[in-house]
Amino acid sequence: MARPGKLDQAAVDTWLKAHAGWERAGDAIAKKFTFPDFASALAFTVRVGCMAERRDHHPDVELGWGRARLVWTTHDAGGITQLDLDLAEASDAAGP
């Protein structure tokens with residue numbers, strides 16, 4: 001399966017304007033999600049992890065009490081690809 005190519009900055013900026021909470025983090029996009037407790041944050045990261053496994057594309061995850069932060073990038077493309085944007089949208093759908 002061919003991996004997608006890196007998107008140009010304008011395409012990423014347009015996407016970011018349409019998706020609240022997501023921000024550029026270097027060559028990645030990131031978002032912090034908040035939850036009422038640790039168990040909810042953990043359950044969210046498990047849902048995202050299962051989704052990531054199915055797509056063979058994995059975020060960096062920071063997990064703490066009542067919070068999770070996801071960072072999506074495509075290392076082999078050297079930055080943000082459509083796959084990152086698609087999985088960020090799926091992460092929103094899986095979130096609180």
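**Reading a four-stranded sheet and its surroundings**

Modeller: In this predicted model, four strands form an open sheet in the order β1-β2-β4-β3, with antiparallel pairing. The edge strands are β1 (23–24) and β3 (60–64), each of which pairs on one side only. Residues are numbered from 1 along each chain as its sequence is written. Because the model is predicted, local features need pLDDT of at least 70 and side-chain atom pairs count only at pLDDT 80 or more, while totals for chains, interfaces and linings use all residues, and side-chain values use heavy atoms, with hydrogens and water left out.

Colleague: How should I read the pairing of strands, and how many bridges join β3 and β4?

Modeller: Strands of a sheet pair through backbone hydrogen bonds, either parallel or antiparallel. Helices (H or I, at least four residues) and strands (E, at least two) are DSSP runs, numbered from the N terminus, and two strands pair if DSSP finds at least two bridges between them. Here β3 and β4 pair in the antiparallel sense over five bridges, and Glu-62 stands opposite Arg-69 in β4. The two strands form a hairpin with two residues between them, and Gly-66 in the turn has a positive phi of about 70°. β1 and β2 (residues 29–34) are also antiparallel, over two bridges, with Arg-24 opposite Ile-29 in β2.

Colleague: Is Ser-91 buried or exposed, and what is it in contact with?

Modeller: Buried means under 20% relative accessible area, exposed over 50%, and partly exposed in between (1.4 Å probe, protein chains only). Ser-91, in helix α3, counts as buried because its relative accessibility is 0%. The side chain of Ser-91 reaches the backbone oxygen of Leu-87 at 2.7 Å. Taking contact as heavy atoms within 4.5 Å, and leaving aside neighbours within four places in sequence, Ser-91 is in contact with residues including Trp-22, Phe-33 and Trp-72. By contrast, Asp-76, in the loop between β4 (67–72) and α3 (82–94), counts as exposed because its relative accessibility is 58%.

Colleague: Which residues form the nonpolar patch on the surface?

Modeller: Such a patch is made of residues with over 30% relative accessible area and no salt bridge (a side-chain nitrogen of Lys or Arg within 4 Å of a carboxyl oxygen of Asp or Glu), and nonpolar side chains (Val, Leu, Ile, Met, Phe, Trp, Tyr) are joined within 5 Å. In this structure the patch consists of Phe-38, Leu-42, Val-46, Val-61, Leu-63 and Trp-65, with about 560 Å² of accessible area together, by the Shrake-Rupley method with a 1.4 Å probe. The largest share, three residues, comes from α2. Leu-42 lies in that helix and is partly exposed, since its relative accessible area is 36%.

Terms used:
Patches are made of residues with over 30% relative accessible area and no salt bridge: like charges are joined within 9 Å, nonpolar side chains (Val, Leu, Ile, Met, Phe, Trp, Tyr) within 5 Å. A polar contact is a pair of N or O atoms within 3.5 Å; within protein, one must be able to donate a hydrogen and the other to accept it, and residues adjacent in sequence count only if both atoms are side-chain atoms.
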